[in-house]
Amino acid sequence: MTVVGKISLEDLNRRLADPGVGGEELARYFEVDRELSGPFNPVLAFNPETVDVPPTLEGRARGAALLNSANFLARLRRHVASIAASAALTMAPSWFPKATAGSSIPLNMST
């Protein structure tokens, strides 16, 4: 049974699996677990105002599995963003002239 205004674990799982759903939309279903998080290692928890987690043993187990997936996907997204940022820096034009094999870059050392 879904509580009005809350999303079920099944619906949230479908949204997590959909690459078209952005991080901003998914963010409202999670919050950072301050007790389990560490420096540079945030751990997600369900936002109790937007996610309906059944109070049964099965519901808690499904919720834990979904949180594991969500934490993995959040790390994966950060990793991909880091690689993209690194690639952008590598591809950026240099402020300095590049020397080619067999050439030298003259330095004007006179004052």
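Helices are DSSP runs of H or I with at least four residues, strands are runs of E with at least two, and both are numbered from the N terminus. With those names in hand, here are some exercises on this predicted model.

**Exercise 1. Place Pro42 among the elements, and find which residues it contacts beyond its sequence neighbours.**

Solution.
- Step 1: Look for Pro42 in the loop that runs between β2 and β3.
- Step 2: Check its accessibility. Pro42 has a relative accessible area of 29%, and because the partly exposed class runs between 20% and 50%, Pro42 belongs there.
- Step 3: Set aside neighbours within four places in sequence; the contacts of Pro42 are then Ser37, Asn71, Arg75 and Arg78.
- Step 4: Take one of these partners, Asn71. The C-alpha atoms of Pro42 and Asn71 are 8.4 Å apart, although 29 residues separate the two in sequence.

**Exercise 2. Work out the order of helices and strands along the protein chain.**

Solution.
- Step 1: Count the elements: the protein chain has 3 helices and 4 strands.
- Step 2: Walk along the sequence, and the pattern reads β-α-α-β-β-β-α.
- Step 3: Look at how distant parts meet. Among contacts between residues at least 6 apart in sequence, 51% join residues at least 24 apart.
- Step 4: Turn to the surface. The protein chain has 111 residues, of which 22% count as buried. The exposed area is about 8,700 Å², and carbon and sulfur atoms supply 63% of it.

**Exercise 3. Identify which residues of the largest nonpolar core touch the most other members, and which elements contribute to it.**

Solution.
- Step 1: Begin with a general idea: in soluble globular proteins, nonpolar side chains tend to be buried together.
- Step 2: Find the core here. It has 15 residues, and those touching the most other members are Leu12, Leu16, Tyr29, Phe30, Phe46, Val51 and Leu66.
- Step 3: Map the core onto elements. Two or more residues come from each of α1 (9-17), β3 (44-46) and α3 (57-91). Helix α3 gives the largest share, 4 residues.
- Step 4: Zoom in on Val51. Not counting residues up to four places away in sequence, Val51 touches Lys6, Ile7, Leu9, Leu12, Tyr29 and Phe46.

**Exercise 4. Find the aromatic pair and decide whether it is stacked or edge-to-face.**

Solution.
- Step 1: Search the whole structure, which yields 1 aromatic pair.
- Step 2: Name the partners and read the geometry. Phe30 and Phe46 have ring centres 6.0 Å apart and planes at 25°. Planes under 30 degrees apart count as stacked, and the pair is stacked accordingly.
- Step 3: Ask what the pair links. Phe30 is in strand β2 (residues 30-32) and Phe46 is in strand β3, so the two rings tie together parts that lie 16 residues apart in sequence.
- Step 4: Check burial against the cut-off of under 20%. Phe30 is buried at 11% relative accessible area, and Phe46 is buried at 13%.

**Exercise 5. Count the salt bridges, and explain how the partners are placed in the helices.**

Solution.
- Step 1: Count them: there are 4 salt bridges.
- Step 2: Take Arg14 and Asp11, whose closest N and O atoms are 2.3 Å apart. They sit 3 residues apart in helix α1, which means about one helical turn lies between them. Arg14 is exposed at 54% relative accessible area, whereas Asp11 is partly exposed at 29%.
- Step 3: Move to Glu25 and Arg15, which form a salt bridge of 3.0 Å, N to O. Glu25 belongs to helix α2 (residues 23-27) and Arg15 to helix α1, so this pair ties together parts 10 residues apart in sequence. Glu25 is partly exposed at 33%, and Arg15 is partly exposed at 29%.
- Step 4: Continue to Glu58 and Arg62, with the closest N and O atoms 3.4 Å apart. These two are 4 residues apart in helix α3, so about one helical turn separates them. Glu58 is exposed at 54%, while Arg62 is partly exposed at 32%. Through shared partners, salt bridges join Glu10, Glu58 and Arg62 into one network.

**Exercise 6. Find which residues make a nonpolar surface patch of about 290 Å².**

Solution.
- Step 1: Locate the members, Phe72, Leu76 and Val80.
- Step 2: Follow one of them, Leu76, to helix α3.
- Step 3: Check Leu76 for exposure: at 37% relative accessibility, Leu76 is partly exposed. Because patch members need over 30% relative accessible area, Leu76 at 37% passes that cut-off.

Key: Residues numbered from 1 in each chain as written. Predicted model: local features only at pLDDT ≥ 70, side-chain atom pairs only at ≥ 80, totals over all residues. Heavy atoms only, no water. Core = buried A, V, L, I, M, F, W, Y, C linked by side-chain atoms within 4.5 Å. Buried < 20%, exposed > 50% of the residue type's maximum accessible area, 1.4 Å probe, protein only. Contact = heavy atoms within 4.5 Å. Patch = residues over 30% accessible without salt bridge, like charges linked within 9 Å, V, L, I, M, F, W, Y side chains within 5 Å. Areas by Shrake-Rupley, 256 points an atom, 1.4 Å probe, with all protein chains shown as cover. Salt bridge = Lys/Arg side-chain N within 4 Å of Asp/Glu carboxyl O. Phe/Tyr/Trp six-rings, centres within 6.5 Å; stacked < 30°, edge-to-face > 60°.
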